[in-house]
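Open the model in your viewer and set side chains to sticks. The tour below goes from one selection to the next.

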Amino acid sequence: MREDPAMSLSAVKPREAWGSKIAFILAATGSAIGLGNIWRFPMMAGKNGGAVFVLVYILAVLFIGFAVMLGELILGRFTQRNPVGAFAAIKPHTPWKLAGYLGVVTNVCILSYYTVVAGWLAGYLVKAVSGAFKGPVESRMADSLFTAFSADPVQVFLFLVLVIGITTYIVARGIKHGIEKWTKVLMPLLFFILLFLVIRAVSLPGAEKGIAFYLKPDFSRFDGTVVLYALGQAFFSLTLGMGTMITYGSYLSKSDNLVASAGWVAFTDTLVALLAGLIIFPALYAVPGIAPTAGHGLVFKVFPLVFSRIPGGYVFGILLFGLLLVAALTSVISSLEVAVAYFIDERGWKRKKAAAAAGSICFILAVPSALSKGGMRMLTEIDFMGMLDFVFGNTSLAVGALLLCVFLGYVWGSGNAAREVAKGNPRFRLKPVWIFSLKFLAPAAIILILVFIKTIWSG
């Protein structure tokens with residue numbers, strides 16, 4: 001039998017590893033769970049058929065999201081390297097290395113605006129704790145509050161530095177003492193806040209209207225648009241195609257069951273998205289006259305109105321912004337780790353130096369987004385945050401995932417990839433389904449997403 005070309009890889013230096021399977025699942029789930037799960041998924045469901053959208057979303061996660069996620073874990077564990085090193089290890093001296101660079105660049109560019117939003121959340125958490133949303137808050141007041149806050153460079157940069165500083169510190173501590181240690185704190189905290197908010201939201205007066213809006217099936221609304229939006233949301237909510245799971249997978253042992261690991265991450269990410277809807281809609285419908293809206297406006301402009309008008313709104317507001325901030329931090333940590341792993345693997349840098357460099361680059365690139373609501377927006381009329389989100393937070397992810405499917409399915413070969421899975425799962429009963437999805441179903445769905453990327457992004 002012809003030797004797998006990657007089998008002749010030179011021995012790599014000892015690599016950090018996760019302390020346990022649960023540690024990896026928590027970290028990988030934290031990476032996948034982001035702000036899109038908390039605010040965008042419920043809105044997309046509400047605008048596109050409710051329970052019908054949810055059903056198509058779940059099917060898309062099962063047959064497309066899971067396949068791509070498993071593929072990233074396979075590539076990472078087999079090569080024990082970052083995205084750049086992973087592609088280069090299997091196909092050295094070929095352009096495939098560029099697919100790895102695309103993942104690293106995508107992570108850094110997403111960080112450049114995601115950390116700004118995380119800073120906004122930190123600022124609003126402080127406002128919620130200080131009682132800024134107590135008493136009557138009107139729509140114009142909420143709009144003015146957000147406009148003034150996001151256009152204030154002192155506040156924006158203060159919270160941006162705080163977020164990047166915390167993230168850099170955690171990643172600089174390493175896998176076990178940094179990412180794993182803090183993930184074990186942040187993820188249980190996230191689920192505790194999530195469940196508390198669900199219980200509180202569904203018990204609000206008028207909550208039943210929001211639950212019905214979110215979960216009542218309306219099959220007459222099932223059409224191609226619902227499928228398109230569900231595909232896009234399922235794909236982007238798992239943050240595939242940016243090499244994060246390749247990096248996290250590189251810290252897994254050969255005995256780990258990759259199928260179970262990918263399954264748990266996809267399941268937990270989907271569960272959080274579903275539960276988020278049970279927070280958003282009951283809370284919105286508990287206040288007459290407030291309709292569901294999507295995007296940043298929901299969090300920073302609509303919810304302050306809600307907090308001021310529902311029983312226990314002070315505590316609700318603090319916990320909701322706390323939930324969103326934790327979700328943002330776990331995603332930011334994983335994205336920064338991709339860049340750090342690149343500097344360590346490919347440049348031979350020490351972890352602390354790599355973390356400091358990645359954090360500094362992130363901060364410099366974040367400046368345009370941080371100023372995009374203030375002076376720079378007035379001078380250039382360019383929405384840097386929106387532009388970066390479209391190019392890197394959507395388009396680059398889809399391109400990266402498509403390249404991964406082609407690479408694993410046809411270049412390296414699905415047989416070689418399946419043999420890597422078998423090391424921790426000898427039977428691998430899902431092998432035929434996974435190979436079909438990897439080679440045909442997932443690429444077709446991703447191409448469809450790319451064709452209609454602008455429509456999906458604008459929502």
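Select Glu16 first; in this predicted model Glu16 is partly exposed, with a relative accessible area of 35%. Add Arg351, which forms a salt bridge with Glu16, the closest N and O atoms being 3.0 Å apart. The two residues come from distant parts of the chain: Glu16 lies in the segment before α1 and Arg351 in helix α15 (residues 351-370), 335 residues apart. Arg351 has a relative accessible area of 12%, which is under the 20% cut-off, so Arg351 counts as buried.

Next, select Arg15 and Asp345. Their side chains meet in a salt bridge, 2.9 Å from N to O. This pair also links distant parts of the chain, with Asp345 in helix α14 and Arg15 in the segment before α1 (21-32), 330 residues apart. Asp345 is partly exposed at 23%, and Arg15 is partly exposed at 22%. The count of salt bridges comes to seven.

Now go to Glu420 and Lys423. A salt bridge joins these side chains, at 2.8 Å from N to O. Which of the two is buried, and which partly exposed? Glu420 is buried, at 1% relative accessibility, whereas Lys423 is partly exposed, at 40%. Extend the selection to Arg77 and Lys254: together with Glu420 and Lys423 they are linked in a network of salt bridges.

Stay with Glu420 and select helix α18 (residues 414-422). Glu420 is one of the buried residues of α18, along with Ser414, Asn416, Ala417, Ala418 and Val421. Show the surrounding helices: the cover over these buried residues includes α3 (51-79), α12 (258-285), α17 (384-411) and α19 (431-451).

From Val421, step across to Leu70. Beyond its neighbours within four places in sequence, Leu70 is in contact with Val421, Leu258, Val259, Ala262, Phe428 and Trp434. Leu70 also belongs to the largest nonpolar core, which has 169 residues; Leu70, Phe316 and Phe321 touch the most other members. Helix α14 (residues 313-347) gives the most to this core, with 21 residues.

The last stop is Thr106, in helix α5 (residues 97-129). Is Thr106 buried or exposed? Thr106 counts as buried because its relative accessibility is 0%. To see what lies against Thr106, select Met242, Phe392, Ser396 and Leu397, its contacts once neighbours within four places in sequence are left aside.

Key:
Residues numbered from 1 in each chain as written. Predicted model: local features only at pLDDT ≥ 70, side-chain atom pairs only at ≥ 80, totals over all residues. Heavy atoms only, no water. Buried < 20%, exposed > 50% of the residue type's maximum accessible area, 1.4 Å probe, protein only. Helix = DSSP H or I, 4+ residues; strand = E, 2+ residues; numbered from the N terminus. Contact = heavy atoms within 4.5 Å. Core = buried A, V, L, I, M, F, W, Y, C linked by side-chain atoms within 4.5 Å. Salt bridge = Lys/Arg side-chain N within 4 Å of Asp/Glu carboxyl O.
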